[in-house]
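Subject: Structure handover and what was found in it

Dear colleague,

I am passing the structure below on to you, together with an account of what was found in it. Please read the notes with the coordinates open beside them.

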Amino acid sequence: MFRFLLLLLLTLTLAAEEPPVVLKGQFRGKVRDKTFDEAFEARMEPGENNEIRVELEGIDLNLGMSSKWHYTTGATPDGILVNFYVKCRAEEPKLRLQRNACVLAEPAKKSTVELHEKDAENLFIIEFEADKAAATP
């Protein structure tokens with residue numbers, strides 16, 4: 001029993017030391033004949049979800065992000081694994097699209113993710129960089 005409590009305490013201590021990450025970037029693309037270019041900034045902690053709504057007339061478009069820490073070895077994370085997902089819907093004419101991609105976001109490294117198929121009409125491109133979040137008081 002004592003070993004279990006000690007292991008639980010160590011696990012919680014390690015999890016508490018992981019600093020949040022801020023994802024900053026641009027979400028751009030084209031849906032039907034409408035283009036968009038939306039800047040975003042999201043503070044990510046493990047298990048946290050964020051969603052950004054893009055205003056397009058007659059189209060419901062959302063970019064979502066969920067995250068978890070990625071460890072190669074040891075107790076220090078080497079990055080944050082981010083699942084980006086796009087939900088796009090319209091009524092006239094009917095349109096229903098969902099796309100997702102999982103990316104390892106390494107600190108201070110710029111990345112680009114394309115969430116569309118080759119030669120697709122509707123384009124979704126995410127360019128972002130991950131940085132450690134400033135400490136909150």
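The notes below take the nonpolar core, the aromatic pairs, one serine and the salt bridges in turn.

Please keep in mind throughout that this is a predicted model.

To begin with the interior, the largest nonpolar core comprises 33 residues, and within it the most contacts are made by L23, F27, L61, F84 and F124. At least two residues of this core come from each of strand 1 (21–31), strand 2 (34–44), strand 3 (49–56), strand 4 (59–70), strand 5 (79–90), strand 6 (95–105) and strand 8 (123–132). Strand 5 is the element that gives the most to this core, with six residues. As for F84, once its neighbours within four places in sequence are set aside, its contacts include L23, L63 and M65, as well as R99, A101, V103, V113, L115, I126 and F128. G64 and N100 are also in contact with F84.

Turning to the aromatic rings, the count comes to four aromatic pairs. One of them joins F36 and F124, whose ring centres are 6.4 Å apart with 40° between the planes, a tilted arrangement. Because F36 belongs to strand 2 and F124 to strand 8, this pair ties together parts that are 88 residues apart in sequence. Both partners are buried, F36 with a relative accessibility of 7% and F124 with a relative accessible area of 0%. The rings of F84 and F128 have their centres 5.1 Å apart and their planes at 55°, so this pair is tilted as well. Since F84 lies in strand 5 and F128 in strand 8, the pair links parts that are 44 residues apart in sequence, and both F84 and F128 are buried. In addition, F27, F36 and F124 make up one aromatic cluster.

A polar residue that you may wish to look at is S67, which is found in strand 4 and is buried, its relative accessible area being 7%. Where does the side chain of S67 reach? The S67 side chain comes to 2.9 Å from the backbone oxygen of E45. Residues up to four places away in sequence not being counted, S67 touches M44, E45, P46, G47 and E48, and also I80, L81 and V82.

Finally, the charged side chains: those of opposite charge can pair when their charged atoms come close. A search of the whole structure finds six salt bridges, and three of them are described here. In the pair formed by R53 and D60, the closest N and O atoms are 2.4 Å apart; R53 is partly exposed at 42% relative accessible area, and D60 is likewise partly exposed at 31%. The side chains of E91 and R96 meet in a salt bridge with an N to O distance of 3.3 Å, and R96 counts as partly exposed at 43% relative accessibility. Salt bridges that share partners also join R28, D37 and E127 into one network. Within that network, R28 forms a salt bridge with D37, the closest N and O atoms being 3.6 Å apart. R28 is partly exposed, with a relative accessible area of 25%, and D37 is partly exposed at 47% relative accessibility.

With best regards

Methods: Residues are numbered from 1 along each chain as its sequence is written. This is a predicted model: local features need pLDDT of at least 70, side-chain atom pairs count only at pLDDT 80 or more; totals for chains, interfaces and linings use all residues. Side-chain values use heavy atoms; hydrogens and water are left out. A nonpolar core is a set of buried Ala, Val, Leu, Ile, Met, Phe, Trp, Tyr and Cys residues joined through side-chain atoms within 4.5 Å. Buried means under 20% relative accessible area, exposed over 50%, partly exposed in between (1.4 Å probe, protein chains only). Helices (H or I, at least four residues) and strands (E, at least two) are DSSP runs, numbered from the N terminus. Contact means heavy atoms within 4.5 Å. A salt bridge is a side-chain nitrogen of Lys or Arg within 4 Å of a carboxyl oxygen of Asp or Glu. A polar contact is a pair of N or O atoms within 3.5 Å; within protein, one must be able to donate a hydrogen and the other to accept it, and residues adjacent in sequence count only if both atoms are side-chain atoms. Rings of Phe, Tyr and Trp (its six-membered ring) pair if their centres lie within 6.5 Å; planes under 30 degrees apart count as stacked, over 60 as edge-to-face and the rest as tilted.
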